[in-house]
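Me: Got a minute to go through the packing and the holes in this one with me?

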Amino acid sequence: MATSAVEEVAAVTVEEDLRNLHLSEEILPESYRINSAKEKQLVEIADNFQRQYLLLYPDRKPLLLCPVNECGVRKFVSTTLRPTHPGLCELHSWKDCSSFVADFLALQPLEPPTEVPSQLFSPTSVLRSQKATCFESSTLLCSLLLGLDYDAYCVSGYASREICLLDQSLQQCPLLEPQAKSVESQTSKQEKKYGVRCQKELRSLFLLEQERKQQEAKAALLQEEELQEVNSRRVADPLRGLRVHCWVLVLSGKRHIQENFFIDPLTGSSFPTNDDNFQGIESVWNCFNCYVNKQECSSGCRDVLFDLEDPRLWEPVFHDAISQQQLSRAVQTKREDQILGRITKLTEIFPTKFRLLRPWVSRIEVSKEDLQTRFPGGKKATHYIKAKLERFSPAVTRDGLVSRLTTYKDLDCTEVTAVKEWYQNRSDNLEERHFNKLENSTTEHFKPRRAFGLLFHKWKAVTSGTEREMRFDRPELDGLEQRVVSPQAMEESFKDRDDFLYFRHVTFGQGVSSKPCPLKTGLENLNVLKVVERFDRNASKPANEDVAKRVFLVPEMQIDLTYHLMDHRNIPSTRSITKPKEGQPFTNDMFSEFQVDRSQKPLGPLSGYRLAEELKDEEESVAVQIKASLKEVEKILDCREEEEKDLRVFSSLLEQVLAVKQKWVEACMLKEDHLMLRQKEMEVLVPLQKLVGCNDALSAEEANSYCMNFLDKYKEKLDEHTSFLEQNLETLQMDQEDESKDHHHHHPAMSNEEAELWCHLCWDKKIQISAAQRRLEKHNKQMKDRCRTFLLNLQQNPLFAVHFVE
């Protein structure tokens, strides 16, 4: 069995907790250190109730009514709850709060496990130490839920060993639930009622049904074997039904809750009230009262009723106290009376009710830093069946890693089968990365709007090299959706293209290189054996003239065309053209066609020759596109390497947006730089046009003199551009200083909208200044290279090249 969370967390005494928290009576509020007169009265009433309870029920264990707090002072459990609204948009529901409490706190096990604790620390101390027992975790979670207007209660009872010890090693990982996959597959197979129906597959439904049954039987057998193996590892618990645990009960009626349910504060998971993991209830309490269970729990909690106002089922510690339900009805009655014009007070509705004191706990404050840190030490690992889930806070990892799921082949977790990682706020927009050890493949998922429109990248090693699959989102560019490249072939899928192309398959010969020669463009020079292209229907053309499939057979020098089906036809029209060799004329034997419509006249020799010339040009265009696709794959790989080297992780979404905006501003400035320098280069080379029509040959000295003069003028232009960039940067900095002085002068009179607008303007100004600084630095670094490139291009000019040939 995998190591449980309890074995990883050592038990810490009260004195150690106080020393780690650096708490003292001087820094804690007075309510923590002493009891008021009314609080002492509460403790006396609770003690009296405890004595009567043990007298009436000698077989039951003592209740948790007045444990000591971190200052050694006895406090009633209901006053330890402090209803607090978190005030954060990330904590607005019970799922958010339970997940945060489970992640933020480390479990401190009960010692002994069969007795209620003698101390109960306040939620504020628990938040500081990030260590808590199940009772303290439930207190914190219940306080947050009450602040969010849930009808929540802390429950003291008994639970299974796995729940109490936070041992999930024999549970299925929630990220690997097979039910979710089956639901997704069923929803994906649903057809639209009025959608266009696809053609039926010519396959036997009986054979398909038999195949499906065989697969289901095989899956059920594997699942049964795994279940038997898991059950064989379960060890009988000698303390079953005796392990004390505390969890949270949420009753229906508020916040659109339809049914009662439990929340385990250690995992943050919800359970129905009849779950077998919860084996009995002693008492429940909220900030109004504490209720003792009078019902039989021999069959667990499945038969327990949660009508807390029924004295036959629950015994309140304070009989005259106001309950949550009574207060809700009183508030509703008061609102109705206000509508009718009657004035009533709660004291008139509850004239003799005993009211509990305010909680002695200070206000619970959950900060943004707590949400970012999230886990104790910045990391938390959970073991499941054949899986391990690791979660990280962004402050710990430098690559934006937030979760890692490792799956294993065996229950002992010795052989890794796959590793899946999730990332956030990365500069390369990477979201997921999956390593499949069995297939030896790696898969990456990206957010939209990144370089090349790349959304998905998968690669794996094959016998002859590496096979890559890429998916894109760039409909405005070329409509490319998917590209699969291997040493033997390349497949591309398109959508919504102007030429109606939606599929292309390229077959390469042996020894094909992913780096074709840049001086060659033909399919032969790319070592292509076959190209198959498929096109959607173009409604502007007749079906027998609209190409559906085009095949280039390179070794045979043949091009085959298949046209779309005509109405009420089952066979398409086809044409085949064989290209003549160099020096040979085009003859009628090189052209053949089949027309389904017999009334259609065949193409003549001249039309066939024109079609052959058009297809020849198309073949050259296809070769250029294939070469560009292979080159783009190389650029994407180079880009990914650079992104991994220069990786940047943003602390927030705002920082990421500002970085994207800064990158866009810098790209615009670089384009402007390129155009301006190109214009200056053309201005320098204007005198060169006068030498083009000169018939007299230049000597070596004259050629060298011309080149040096042009280079000196080009350097002057570069110096002018440097002065322009420096002046632009100074202007931006002066504008920022003036705006800052103006803001300090008018700041007290600014409205919230004006202040927010000023912040946006400051961000824009900082982005522009940063981009201008980078622009100037890059220009200064590239000045020597620009001069060297300018001189080299000048020496390669036909007028001067004769004198500079090495």
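Reply: Sure. One term before we start: a cavity here is a set of grid points where a 1.4 Å probe fits but cannot get out, and its lining residues have an atom within 4 Å of a point. Also, keep in mind that this is a predicted model.

Me: Ok, so which residues line the second largest cavity?

Reply: The lining is made up of K61, P62, L63, L64, V116, S156, G157, Y158, V244, E282 and S283.

Me: And how much space lies in there?

Reply: About 70 Å³. In the structure there are five cavities of 30 Å³ or more.

Me: Which element gives the largest share of that lining?

Reply: That's β3, with three residues. Both β3 and β7 (278-285) give two or more.

Me: How do the lining residues divide by character?

Reply: Six are nonpolar, three polar and two charged.

Me: Switching to packing. What's in the largest nonpolar core?

Reply: It has 60 residues, and L65, F76, F135, L145 and W285 have the most contacts inside it. Elements giving two or more residues include α4 (37-56), α6 (94-104), β3 (152-159) and β4 (244-250). The largest share is from α8, at eight residues.

Me: What is F76 in contact with, leaving aside its sequence neighbours within four places?

Reply: F76 touches A46, L65 and C66, then C290, V317, F318 and W360.

Me: Which residues does the second core include?

Reply: M490, V528, L561 and Y563 are among them; that core is separate and has 36 residues.

Notes:
Residues are numbered from 1 along each chain as its sequence is written. This is a predicted model: local features need pLDDT of at least 70, side-chain atom pairs count only at pLDDT 80 or more; totals for chains, interfaces and linings use all residues. Side-chain values use heavy atoms; hydrogens and water are left out. A nonpolar core is a set of buried Ala, Val, Leu, Ile, Met, Phe, Trp, Tyr and Cys residues joined through side-chain atoms within 4.5 Å. Buried means under 20% relative accessible area, exposed over 50%, partly exposed in between (1.4 Å probe, protein chains only). Helices (H or I, at least four residues) and strands (E, at least two) are DSSP runs, numbered from the N terminus. Contact means heavy atoms within 4.5 Å. On a 1 Å grid over the protein atoms alone, a cavity is a set of points where a 1.4 Å probe fits but cannot get out, and a pocket is an open set with protein on both sides within 12 Å along at least five of seven lines; lining residues have an atom within 4 Å of a point. Grid points are joined across faces, edges and corners, and a volume is the space filled by probe spheres set on the points. Ala, Val, Leu, Ile, Met, Phe, Trp, Tyr, Cys and Pro count as nonpolar, Asp, Glu, Lys and Arg as charged, and the others, Gly among them, as polar.
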